[in-house]
Amino acid sequence: MIVLTFAALTLREAARRKVLRALAVLTVVLLALSAWGFHTLVTKEFDGAQLTSGELRLIASQLLNLVMFGLSLIAALGTAFLAGPTVAGEVESGTALAILARPIRRSTVLTGKWLGLIAFGGGFIVLAGLAQFVIVYATTGYWPSDPVTGLALLAFQTAVLLTLGLLFSTLISPMASGVVAVGLFGATWIAGVVGGVGRGLGNDSVAAVGTVSQVLLPTDGLWRSAMYAFQDPAALLGFGGPAVKGGFPFLSDTPITWAYLAWAVAWTALVLGLAALVLRRRDL
């Protein structure tokens, strides 16, 4: 009950932050631009003719992955900068001393805040993602092959980054924790693209860059599995093997595996446990 109380308080606090308004504006702008882009794709003629239904489906599938990456980036920015003030901001302001001095375990408070932020990030991904699916379907007639799995994986990706930001918030300042978390998110995505290029060139050393980065921080691995769920199954055949093996950033040939999903869950639990340990030993 105490955990749920802190989760609800965290959600209420997040709703009052200016970050939420910035997220809303960015999301509306991205959805509006995507609606215009998909509508233009349907009506525009190429070499005097419009796209066939097969071509339209194939291109819409890849553009959807591009837009969903934009939404995941917005979620990453929002949750990272919401997680930062959760601990570090309260310690700096003295609020944490008033709360944690009571007979409540610090790990309980941290878990409650974590659950509240998870609910916020997951809710954003589901609502924004469904809105994007409706836009794509209304303009092109394309609907993702496995939208539930894709949205669940994107929400999990947000949870992973949020957990990392929460750990950093127990160690460094609020702003620094958000910057570092988002920086690692971007670096891991780039490493995944580099690894794909390495596979395309047959260079095992370069390919290992992507594999290692996806183990150290599961955000990119979850993102690529989400792309697989969103894209048209025919996309791999339409673009051909070289595009996939060459590290094309918005096409994936790898669905989620149970082993990797288990590792992502274990990674999240380990990082959250480490954050609780650091907070327990931190001098307020």
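This report describes the nonpolar core, the salt bridges, the aromatic pairs and a surface patch of a predicted model.

**Nonpolar core**

The largest nonpolar core has 55 residues, and within this core Met-68 and Phe-230 touch the most other members. Two or more residues are contributed by each of the elements α2 (18–43), α3 (53–93), α5 (106–140), α6 (147–169), α7, α9 (219–230) and α11 (258–281). With 13 residues, α6 gives the most to this core. A general tendency provides the background: in soluble globular proteins, nonpolar side chains tend to be buried together.

The surroundings of Met-68 can be listed in detail. When residues up to four places away in sequence are not counted, Met-68 touches Gly-129, Gln-132, Phe-133, Leu-151, Leu-154, Trp-223 and Phe-230. Two of these partners, Phe-133 and Phe-230, belong to an aromatic cluster described below.

**Salt bridges**

A search of the whole structure finds 2 salt bridges. One joins the side chains of Arg-57 and Asp-232, at 2.9 Å from N to O. Arg-57 lies in helix α3, whereas Asp-232 lies in the loop between α9 and α10 (235–245), so this pair ties together parts that are 175 residues apart in sequence.

The side chains of Arg-224 and Asp-220 also meet in a salt bridge, at 2.9 Å from N to O. Here both residues lie in helix α9, 4 residues apart, which is about one turn of the helix.

The table gives the relative accessible area of the four residues.

| Residue | Relative accessible area | Class |
|---|---|---|
| Arg-57 | 36% | partly exposed |
| Asp-232 | 7% | buried |
| Arg-224 | 12% | buried |
| Asp-220 | 2% | buried |

In the bridge of Arg-57 and Asp-232, the arginine is thus partly exposed, while the aspartate is buried. In the bridge within α9, Arg-224 counts as buried because its relative accessibility is 12%, under the 20% limit, and Asp-220 is likewise buried at 2%.

**Aromatic pairs and cluster**

The structure contains 5 aromatic pairs. One of them is formed by Phe-69 and Trp-223: the ring centres are 5.4 Å apart and the planes stand at 55°, so the pair is tilted. Phe-69 lies in helix α3 and Trp-223 in helix α9, so the pair ties together parts that are 154 residues apart in sequence. Phe-69 is buried, with a relative accessible area of 13%, and Trp-223 counts as buried at 1%. Trp-223 is also among the residues touched by Met-68.

Phe-133, Tyr-137, Trp-143 and Phe-230 form one aromatic cluster. Of these residues, Tyr-137 is placed in helix α5. Leaving aside neighbours within four places in sequence, Tyr-137 is in contact with Tyr-142 and Trp-143. Tyr-137 and Ala-60 are 77 residues apart in sequence, and their C-alpha atoms are 9.5 Å apart in space. Phe-230, another member of the cluster, is one of the two residues that touch the most other members of the largest nonpolar core.

**Surface patch**

Leu-171, Ile-172, Val-180 and Leu-184 make a nonpolar surface patch of about 300 Å². Leu-184 has its place in helix α7 (residues 174–201). This leucine is partly exposed, with a relative accessible area of 36%. Helix α7 is also among the elements that give two or more residues to the largest nonpolar core.

Technical notes: Residues numbered from 1 in each chain as written. Predicted model: local features only at pLDDT ≥ 70, side-chain atom pairs only at ≥ 80, totals over all residues. Heavy atoms only, no water. Patch = residues over 30% accessible without salt bridge, like charges linked within 9 Å, V, L, I, M, F, W, Y side chains within 5 Å. Areas by Shrake-Rupley, 256 points an atom, 1.4 Å probe, with all protein chains shown as cover. Salt bridge = Lys/Arg side-chain N within 4 Å of Asp/Glu carboxyl O. Buried < 20%, exposed > 50% of the residue type's maximum accessible area, 1.4 Å probe, protein only. Core = buried A, V, L, I, M, F, W, Y, C linked by side-chain atoms within 4.5 Å. Contact = heavy atoms within 4.5 Å. Phe/Tyr/Trp six-rings, centres within 6.5 Å; stacked < 30°, edge-to-face > 60°.
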